[in-house]
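Please open the structure in a viewer and keep the selection panel at hand. The tour below moves from one selection to the next and describes what is found at each stop.

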Amino acid sequence: MRTEHEVSEKKKHHGGHKDREHGRHGNHKEHRKLKRESQIVQIWKRMIKNRVSLVGCIMLAIIFLLVIFAPLLAPYDPNYMDTSALNAAPSAKHLFGADNLGRDILSRLLWGGRSSLLLGFICAIFGLLIGLFFGSIVGYAGKSVDMIVMRLCDVMSSIPGMLMAILISTVMGPGFFNTILAMTVGGIPNSIRGSRAMALKEREMEYLEAAKAMNCSKVKIIFKHMVPNIISPSIVGTTMMIGNSITGASSLSFVGLGIQPPDAEWGAMLSGAKNFMLQHPHEVLFPGLAILITVLATNMIGDGLRDALDPKLKN
Amino acid sequence: MALIEVEHLKKYFNVASGTNHAVDDITMKIEKGRTMGVVGESGCGKSTLGRTIIRLQDPTDGVIRLNGEDITNVSGRKLREVRERMSIIFQDPYSSLNPRMTVEQTIREPLMESRRYNRKEVEEKARELMDLVGIEKRLRLAYPHELDGGRRQRVGIARAIALQPDFIMCDEPVSALDVSIQAQVLNLLMDLQQDFGLAYMFVTHDLSVVRHIADDISVMYLGQLVETAPAKELFKQPLHPYTKALLSAIPSIDISKPMQRVQLKGEITSAINPKPGCRFAPRCPYATEACSQPQTLTEVAPNHFVSCCNIQKI
């Protein structure tokens with residue numbers, strides 16, 4: 001059903017193109033763009049057809065909107081200390097309560113989401129790109145290239161991820177971008193290993209040999225033919241990494257590196273509040289929930305995206 | 001001058017237990033517009049031979065000539081040129097097409113890579129090719145998994161003939177297809193041969209297919225060429241003991257005629273670190289001591305070559 005619909009939809013494009021063929025040269029580009037867009041639209045449609053990923057998309061969209069409009073939505077200045085409301089429980093005045101310095105937790109969540117989300121997403125995307133890039137090259141090339149890069153990965157993963165992150169933060173100094181760097185590096189060996197495993201499996205496929213016989217360059221064989229076929233599992237891993245990066249960054253804040261107080265950040269709020277967890281559970285509950293919901297939403301989207309990217313599961 | 005000339009071609013692979021002599025000292029000629037069938041058991045090096053000839057793999061030793069021109073060690077721009085003049089059709093139409101590329105994208109690929117055509121010409125050519133191999137226009141944006149095996153193989157064929165090569169290596173192109181579709185694909189290949197004067201190397205283990213399509217047949221056993229002859233003659237008068245055994249295994253539809261099977265004893269030996277001489281000797285009913293000497297391919301009848309030292313006695 002679906003396929004027929006799509007074919008007929010494309011036929012329309014095809015017809016449209018024929019009409020325009022008399023026109024100027026520029027129309028070709030227009031035609032091309034149209035088709036490209038429709039492919040993205042297809043993936044999008046397939047994704048939101050899946051209930052779970054649709055819910056994930058909506059959740060993430062809401063989170064993003066809340067965070068973007070934090071200046072309008074936040075009831076207080078996130079760094080304003082209300083000494084009359086130290087450790088205040090949730091009430092009409094402080095919807096999510098206040099922390100041990102009397103700062104409004106809701107406001108801090110909204111503002112802190114900016115750095116948390118940015119950090120999580122950038123780390124995950126860097127991890128994905130680096131993993132795919134090296135993993136596919138290494139998997140396709142094999143032999144000594146594979147040997148060297150994988151041993152380097154072994155060396156890297158023999159240092160605990162957190163230690164590595166602390167090391168980098170210490171050397172580079174605290175700050176937003178250094179935190180991103182520190183969080184990304186630790187995840188690289190794993191993402192390379194994952195992509196490489198997929199590449200090894202795919203390397204035996206005859207279509208890569210066919211591409212070689214069609215005179216495709218190695219770069220083209222790897223990045224045009226192989227990478228699109230190994231990307232799906234990495235995407236799920238990437239959505240996991242968003243959550244890991246957010247919580248990982250909080251560990252950095254805990255040892256005094258990473259994003260510096262008083263700037264709000266979900267992970268830092270969580271680790272700052274854990275000392276009063278038994279007396280004032282709301283102080284860990286809300287930042288924890290924020291991270292939980294974000295990770296949940298991205299995982300739901302990741303699953304849907306993986307399926308949507310697989311042309312075989314179109315129907 | 002033959003289109004493809006192969007002399008003493010060798011392709012060895014280093015494996016854990018030694019050197020695999022996948023293709024060992026093979027000499028053959030393929031004429032323009034003709035089909036060379038290559039038959040043999042699984043793992044006897046048929047596919048490796050074909051892949052080495054079209055330079056998908058580098059030969060260990062020997063000479064390959066295309067139109068008299070030595071292409072054994074060409075590289076860079078020259079290799080690109082050579083690969084445009086030779087092409088390949090794969091056995092498995094399921095894994096030989098990129099699952100994320102539409103039919104049209106797949107067919108366009110060689111046209112774009114050749115850099116001979118602009119966008120518009122590529123588009124036109126791709127449509128012509130689809131017409132030529134009989135894929136309906138409506139399928140041009142379909143993905144491989146949406147097609148049946150026969151149509152997929154047609155896509156593979158369109159891709160292979162896109163740049164009008166002189167020579168196509170067909171690596172068991174029909175063995176993964178239903179019998180009813182096999183005939184269609186074979187007929188398509190034969191039509192294309194007539195129209196474009198293509199030369200095929202047709203690798204298969206299906207003797208009835210090779211009888212149908214091939215002009216000449218070469219029989220391989222464990223990396224060695226044991227016999228090569230025009231198809232009719234080979235089926236009428238097989239000379240090498242292995243060929244005899246192989247042909248006697250074809251089932252007959254004439255039940256009144258008693259079948260005379262030559263039954264081979266023993267297991268197929270391995271091409272890893274082989275002993276010198278005829279590799280078929282351990283299973284051959286006529287084997288003598290002379291068989292352990294290196295064998296030469298000798299012409300026993302016009303264009304009929306056999307590699308067997310006891311051929312006079314058999």
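What percentage of the 315 residues in chain A do buried residues make up? The share is 39%. This is a predicted model, and the stops that follow should be viewed with that in mind.

**Stop 1: chain A**

Select chain A and display it as a cartoon. The chain has 12 helices and zero strands, so that its pattern along the sequence is written α-α-α-α-α-α-α-α-α-α-α-α. Of the contacts in chain A between residues at least 6 apart in sequence, 70% join residues at least 24 apart.

**Stop 2: a helix crossing in chain A**

Now select residues 51-68 and residues 105-141 of chain A, which are helix 3 and helix 5. Their axes come within 8 Å and cross at roughly 115°, and the crossing is left-handed. Show side chains at the contact: Ile63(A), Leu66(A) and Val67(A) on helix 3 meet Leu110(A), Gly113(A), Arg114(A) and Leu117(A) on helix 5. By class, this contact has five nonpolar residues, one polar and one charged.

**Stop 3: the side of chain A that touches chain B**

Bring chain B into view. Here 20 residues of chain A are in contact with 25 residues of chain B. On chain A, select helix 1 (2-20), helix 9 (206-213) and helix 10 (218-254), each of which supplies at least two residues of the side that touches chain B. Helix 9 of chain A gives the largest share, six residues. The residues of this side of chain A divide into nine nonpolar, five polar and six charged.

**Stop 4: the nonpolar cores**

Select Ala158(B), Ile168(B), Cys170(B), Tyr200(B), Met201(B) and Phe202(B), the residues with the most contacts inside the largest nonpolar core, which has 141 residues. Helix 5 of chain A gives the most to this core, with 15 residues. Centre the view on Tyr200(B): beyond its neighbours within four places in sequence, Tyr200(B) is in contact with Thr35(B), Met36(B), Ile168(B), Cys170(B), Leu189(B) and Gln193(B). A second, separate core of six residues includes Ala297(A), Met300(A), Ile301(A) and Leu305(A).

**Stop 5: the four-stranded sheet of chain B**

Turn to the open sheet of four strands in chain B, with the order 2-1-4-5 and antiparallel pairing. Strand 2 (18-30) and strand 5 (69-70) of chain B each have a single partner strand, so one side of each is left without a neighbour in the sheet. Select residues 4-15 and 61-66 of chain B to see strand 1 and strand 4, which run antiparallel and are joined by five bridges. Lys10(B) has Asp61(B), in strand 4, as its bridge partner.

**Stop 6: the eight-stranded sheet of chain B**

The last selection is the open sheet of eight strands in chain B, ordered 6-7-8-3-9-10-12-11 with mixed pairing. Which strands stand at the edges, each with a single partner strand? They are strand 6 (86-89) and strand 11 (298-301) of chain B. Neighbouring strands of this sheet are turned by 25° against each other on average, direction ignored. Four bridges join strand 6 to strand 7 (residues 167-171) of chain B, and the two run parallel; Met86(B) stands opposite Phe167(B) in strand 7.

Finish by adding two helices of chain B that pack on the sheet. Helix 1 (residues 46-53) of chain B touches strand 3 (35-39), strand 7, strand 8 (199-204) and strand 9 (216-221), and its direction makes about 155° with that of strand 8. Helix 9 (residues 241-248) of chain B touches strand 9 and strand 10 (224-230), and its direction makes about 105° with that of strand 9.

Technical notes:
Residues are numbered from 1 along each chain as its sequence is written. Chains are lettered from A and ligands numbered from 1 in the order in which they are written. This is a predicted model: local features need pLDDT of at least 70, side-chain atom pairs count only at pLDDT 80 or more; totals for chains, interfaces and linings use all residues. Two residues are in contact if their C-beta atoms, placed from the backbone, lie within 7 Å. Ala, Val, Leu, Ile, Met, Phe, Trp, Tyr, Cys and Pro count as nonpolar, Asp, Glu, Lys and Arg as charged, and the others, Gly among them, as polar. Axes are lines fitted to C-alpha atoms, for helices over the stretch in contact, and angles run from 0 to 180 degrees between N-to-C directions. A crossing is left-handed if the near helix is turned anticlockwise from the far one by less than a right angle, and right-handed if clockwise. A residue is buried if 20 or more other C-beta atoms lie within 10 Å of its own, exposed if 12 or fewer, and partly exposed in between; C-beta atoms are placed from the backbone. A nonpolar core is a set of buried Ala, Val, Leu, Ile, Met, Phe, Trp, Tyr and Cys residues joined through C-beta atoms within 7 Å. Two strands pair if DSSP finds at least two bridges between them.
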